Amino acid sequence: MTESFTASRLTKGNRIFPTRIEVSPDRVTRIQPRLLGSTEESIAIPNVASVQIATGVLFSDIRIDSSGGANPIESHGHTKGDARRIRELIEQYQKETSRS
């Protein structure tokens, strides 16, 4: 049930190891691969306060803020469709969580 969205290799910082955002019913995770291992940041779906999308000509930047005031998840170089889909999934999972 987890959907994964990979940033374009044509954008700065994503040429060799592109950033990946994974959205599941439980959490949103940003995975930044490195030569040895990776760095992961995550925010639980109920703790997502807002999702901001800044669209450019070809690619979009996405920022996911948490309600706890922790560091936001930021990623750039995603297609516009992927950025919108990330927001839609987060909103859908939040609605499902609030009904439970």
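Here are some worked exercises on the predicted model shown above.

**Exercise 1. Work out the strand order and the edges of the four-stranded sheet.**

Solution.

Step 1. Begin with the order: the strands lie as S1-S2-S3-S4 in an open sheet, and their pairing is antiparallel.

Step 2. Now look for strands that pair on one side only; these are strand S1 (3–6) and S4, the edge strands.

Step 3. For the twist, ignore direction and compare neighbouring strands: on average they are turned by 15° against each other.

Step 4. Finally, see what packs on this sheet. Helix H1 (residues 80–99) does, touching S1, S2 and S3, and its direction makes about 150° with that of S1.

**Exercise 2. Follow strand S3 to its partners on both sides, and decide how covered S3 is.**

Solution.

Step 1. On one side, S3 pairs with strand S2 (residues 20–23) in the antiparallel sense, over four bridges. You can use Val23 as a landmark, since it stands opposite Val28 in S3. Three residues make the hairpin connection from S2 to S3.

Step 2. On the other side, seven bridges join S3 to S4, again antiparallel. Here Arg30 has Glu41 in S4 as its bridge partner.

Step 3. Inspect the turn between S3 and S4. This hairpin has four residues between the strands, and Gly37 takes a positive phi near 95°.

Step 4. Count the buried residues of S3: there are five among its seven, and the strand is mostly covered.

**Exercise 3. Trace the three-stranded sheet, one hairpin at a time.**

Solution.

Step 1. The order in this open sheet is S5-S6-S7, with antiparallel pairing. S5 and S7 are the edge strands, each pairing on one side only. From one strand to the next, the twist averages 20°.

Step 2. Take the S5 and S6 pair. Strand S5 (residues 48–55) meets strand S6 (residues 59–66) over seven bridges in the antiparallel sense. Gln52 is found opposite Arg63 in S6, and the hairpin has three residues between the two strands.

Step 3. Move on to S6 and strand S7 (residues 73–79), which run antiparallel and are joined by six bridges. Ser60 has His78 in S7 as its bridge partner. In this hairpin, six residues lie between the strands, and Gly69 in the turn has a positive phi of about 80°.

Step 4. Add the helix: H1 lies across S5, S6 and S7 and runs at about 165° to S5.

**Exercise 4. Which parts of the chain does the salt bridge between Arg85 and Glu3 link, and how exposed are the two residues?**

Solution.

Step 1. Check the contact first: the two side chains meet at 2.7 Å, N to O.

Step 2. Place the partners. Arg85 is in helix H1 and Glu3 in strand S1, 82 residues apart, so the pair links distant parts of the chain.

Step 3. Judge exposure, remembering that partly exposed lies between under 20% and over 50%. Arg85 has a relative accessible area of 29% and is therefore partly exposed. Glu3 is also partly exposed, because its value is 27%.

**Exercise 5. Sort the partners in two other salt bridges, Glu41 with Arg30 and Asp65 with Arg63, into buried or partly exposed.**

Solution.

Step 1. Start with Glu41 and Arg30, whose side chains meet at 3.1 Å, N to O. Glu41 sits in strand S4 and Arg30 in strand S3, 11 residues apart.

Step 2. Apply the cut-off of under 20% for buried. Glu41 has 26% relative accessibility, so Glu41 counts as partly exposed. Arg30 is buried because its relative accessible area is 16%.

Step 3. Turn to Asp65 and Arg63, which meet at 3.0 Å, N to O. At 14%, Asp65 counts as buried, whereas Arg63, at 30%, is partly exposed.

Step 4. Look for shared partners: salt bridges that share them join Glu3, Arg85 and Glu88 into one network. A search of the whole structure finds six salt bridges.

**Exercise 6. Find the nonpolar surface patch that includes Leu35, and describe where Leu35 sits.**

Solution.

Step 1. The members are Ile16, Phe17, Leu35 and Leu36, with about 490 Å² of accessible area together.

Step 2. Locate Leu35 in the loop between strand S3 (27–33) and strand S4 (38–44).

Step 3. Check its exposure: the relative accessible area of Leu35 is 72%, so Leu35 counts as exposed.

Conventions:
Residues are numbered from 1 along each chain as its sequence is written. This is a predicted model: local features need pLDDT of at least 70, side-chain atom pairs count only at pLDDT 80 or more; totals for chains, interfaces and linings use all residues. Side-chain values use heavy atoms; hydrogens and water are left out. Patches are made of residues with over 30% relative accessible area and no salt bridge: like charges are joined within 9 Å, nonpolar side chains (Val, Leu, Ile, Met, Phe, Trp, Tyr) within 5 Å. Accessible areas come from the Shrake-Rupley method with a 1.4 Å probe; for residues, only the protein chains shown count as cover. A salt bridge is a side-chain nitrogen of Lys or Arg within 4 Å of a carboxyl oxygen of Asp or Glu. Buried means under 20% relative accessible area, exposed over 50%, partly exposed in between (1.4 Å probe, protein chains only). Two strands pair if DSSP finds at least two bridges between them. Axes are lines fitted to C-alpha atoms, for helices over the stretch in contact, and angles run from 0 to 180 degrees between N-to-C directions. Contact means heavy atoms within 4.5 Å.
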